[in-house]
Each structure stands twice: as C-alpha cells, then as structure tokens.
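Colleague: Please take one part of this model and go through it closely, with its charged contacts and its surroundings. A connected account is better than a list.

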Amino acid sequence: MRIPVIAGNWKLFKTIHESVALVQELAPLVANSTGVEIVVAPVFTALSRVADAVKGSEIKLAAQDCYWEEEGAFTGEVAPKLLKDAGCSHVIIGHSERRQYFGETDITVNRKVKAAIAAGLSAIVCVGESLMERESEQTFSVIEAQIQGSLAGLTEADFAHVVIAYEPVWAIGTGKTASDAQAQEVHVFIRSLIGRLFSQSVADALRILYGGSVKPDNVKGLMSQPDIDGALVGGASLKAESFAAIAAFNG
Ligand code: PEP
C-alpha cells in the first residue's frame, strides 16, 4: 500500500553537463523498475536541464532545499514555486547538513515544509540523531522533538505530500549504516508518533525512508523491514549503476 521511494541526494556534486549525463545513464537502467518511485536531487543550477532530460522517464526531480517565501528581497534564496517552475515535484527539507552547517532549525524546516506543500511540491523531511545523542540514549526524544517541530500545524491532507527520511547523522557519509533492526526501531517509533500526533490513517499511509550509507549490498535487508519504505541515498546515488542497483532492491 505504501509505494517505496528511492531518492538520490547529489549534494554539492556535478556540473549541469555531468548531472544530465548521470540521469541519461540512469534512465534506461531504471526503465523497468515497477512499484517504486525514483527521485533525484541535483544542485539548483542543474534542475531545469535535468528536468528536460528526465521527461518521458520514470525519474522524478527534487531540489535539496527551498525558502519559505514566494518572492521578495531575499537575496540568494529559491522559492518553492520556482522549483516547481524548474520541473521539480519534490524538495528535500531539513537535511542534517543544512541543520549542522546552515543553521536550519525545526522552525525553519516547518515553514519550508508548509511553503513547499502550498506550492504543490512533496516535501522529503529529514530527521535524525547525532552519535552523541544516540550514545546518551536521547534518540527517541530528539526524533520526537524534530517531528513535532518540523510538522507542526500540518493537516491530514498535507500528509499526501510528505515523506519522512530518518537519517541518523552518524551514518551519513560515514560508511556506518544503522542495522536493519536499529532503523526499523526508529521507523516504528516515528510511525506511532505520527499516529498519536495526527491520525492512524496518516501514519499508515506515510512513507518513511531510511538514509545513511545505503548501498546496493545493504538495501535489501533494510527494505525487508516492515516500516522502511525506501531510502534517501547520498554517495551511492552519484553513480548510475549503484543507484539503479539500489532502486532494484526488490528484483
Ligand atoms: C544523505 O546525503 O542523505 C545520505 C544519506 O548520504 P550517504 O548515503 O552518503 O550516507
């Protein structure tokens, strides 16, 4: 009932030319993937060219961030409606790198999520604990605060346009993946929290992705967990072959 999502976060990698080449290589490799939503998130400058390149394929396009205002004197920012204009259907919001390096908070994430949904985008909302927080047994309280803050004020209808990505910070780009059981435990926690804060039907329908060093050789185990509905992939999404192998987890 929950269609899995495999999303690639290309971070600050690849020129326009390289981004287009990557999706052109990826498209035939994922052409026969059924029952899975495939999303790629290039840098802002490559979005509209990649949008042209994925037309007619199954690949959807995401931005890696957005601002919450529609327009105005906000030098350097990009509004959700401009992302839509560039061909995006999705936007990643609150990635831990934005929280760590660019002052993103649950309050700004919440504004961005609402603005993205209002513009007709689906928001991939990232949450996750640091190593210190996990080691001091604060994982669940940290995740709870992030979910409550990031999704405050959303309606049940809004959740048709929300995907959550659980990304333990200690697993991002480190080669250390959460074990299948560790990831499943947090996904269950998130789903039951959403059930309590919103409704059981919202919780049941919500896609919760895992992110953190997902690779072709660990994706099957993660995806076999009942509450893991996909993956947000960094490093392994930068090569068509490894990203396609991850997208083929059910093959
Ligand atoms: C990410 O960027 O969201 C991510 C999970 O990166 P990696 O797969 O490289 O750990």
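Modeller: A salt bridge here is a side-chain nitrogen of Lys or Arg within 4 Å of a carboxyl oxygen of Asp or Glu. The model is predicted, and 14 such salt bridges are found in it. I will take the start of the barrel as the part to look at, and begin with the pair at the N-terminal end of the chain.

Asp-229 and Arg-2 form a salt bridge in which the closest N and O atoms are 2.9 Å apart. In sequence the two are 227 residues apart: Arg-2 sits in the segment before strand E1 (5-9), and Asp-229 in the loop between helix H10 (219-223) and strand E8 (230-233). The pair therefore links distant parts of the chain, and its two members differ in burial class, because Asp-229 is buried at 5% relative accessibility while Arg-2 is partly exposed at 22%. The cut-off that separates them is 20% relative accessible area, under which a residue counts as buried. The pair also belongs to a network of salt bridges that links Arg-2, Arg-191, Asp-227 and Asp-229.

After that segment comes E1. Five of the five residues of E1 are buried, which leaves the strand mostly covered. Val-5, Ala-7 and Asn-9 point one way from the strand, Ile-6 and Gly-8 point the other way, and both sets are buried. E1 runs parallel to E2, and five bridges join the two. One bridge partner in E2 can be named here: Glu-37, which pairs with Val-5.

Glu-37 has a second role in this picture, as it forms a salt bridge with Arg-207, with the closest N and O atoms 3.2 Å apart. Glu-37 lies in strand E2 and Arg-207 in strand E7 (residues 207-211), so this salt bridge ties together parts that are 170 residues apart in sequence. Glu-37 counts as buried at 13% relative accessibility. Arg-207 is buried as well, with a relative accessible area of 15%.

The pairing goes on from E2. Strand E2 (residues 37-41) and strand E3 (residues 59-63) run parallel and are joined by three bridges. Val-39 stands opposite Lys-60 in E3. Two helices lie against this pair of strands. Helix H1 (residues 16-30) lies across E2 and E3 and runs at about 135 degrees to E3. Helix H2 (residues 47-54) packs on the sheet and touches E2 and E3, with a direction that makes about 170 degrees with that of E3.

These strands belong to a closed barrel of eight strands, in the order E1-E2-E3-E4-E5-E6-E7-E8, with parallel pairing. From one strand to the next the twist averages 25 degrees.

Elsewhere in the chain, Arg-134 and Glu-129 make another salt bridge, with the closest N and O atoms 2.7 Å apart. Both Arg-134 and Glu-129 are buried.

For a helix-to-helix contact, take H5 and H7. The axes of helix H5 (residues 106-118) and helix H7 (residues 139-150) come within 8 Å and cross at roughly 40 degrees, which makes H5 oblique to H7. On the H5 side the contact has Asp-106, Val-109, Asn-110 and Val-113; these meet Ala-145, Gln-146, Gly-149 and Ser-150 in H7. By class, three residues of this contact are nonpolar, four are polar and one is charged.

Notes:
Residues numbered from 1 in each chain as written. Predicted model: local features only at pLDDT ≥ 70, side-chain atom pairs only at ≥ 80, totals over all residues. Heavy atoms only, no water. Axes fitted to C-alpha atoms, helices over the stretch in contact; angles between N-to-C directions. Helix = DSSP H or I, 4+ residues; strand = E, 2+ residues; numbered from the N terminus. Parallel < 35°, antiparallel > 145°, perpendicular 65-115°, else oblique. Contact = heavy atoms within 4.5 Å. Nonpolar A, V, L, I, M, F, W, Y, C, P; charged D, E, K, R; others polar. Pairing = 2+ DSSP bridges. Buried < 20%, exposed > 50% of the residue type's maximum accessible area, 1.4 Å probe, protein only.
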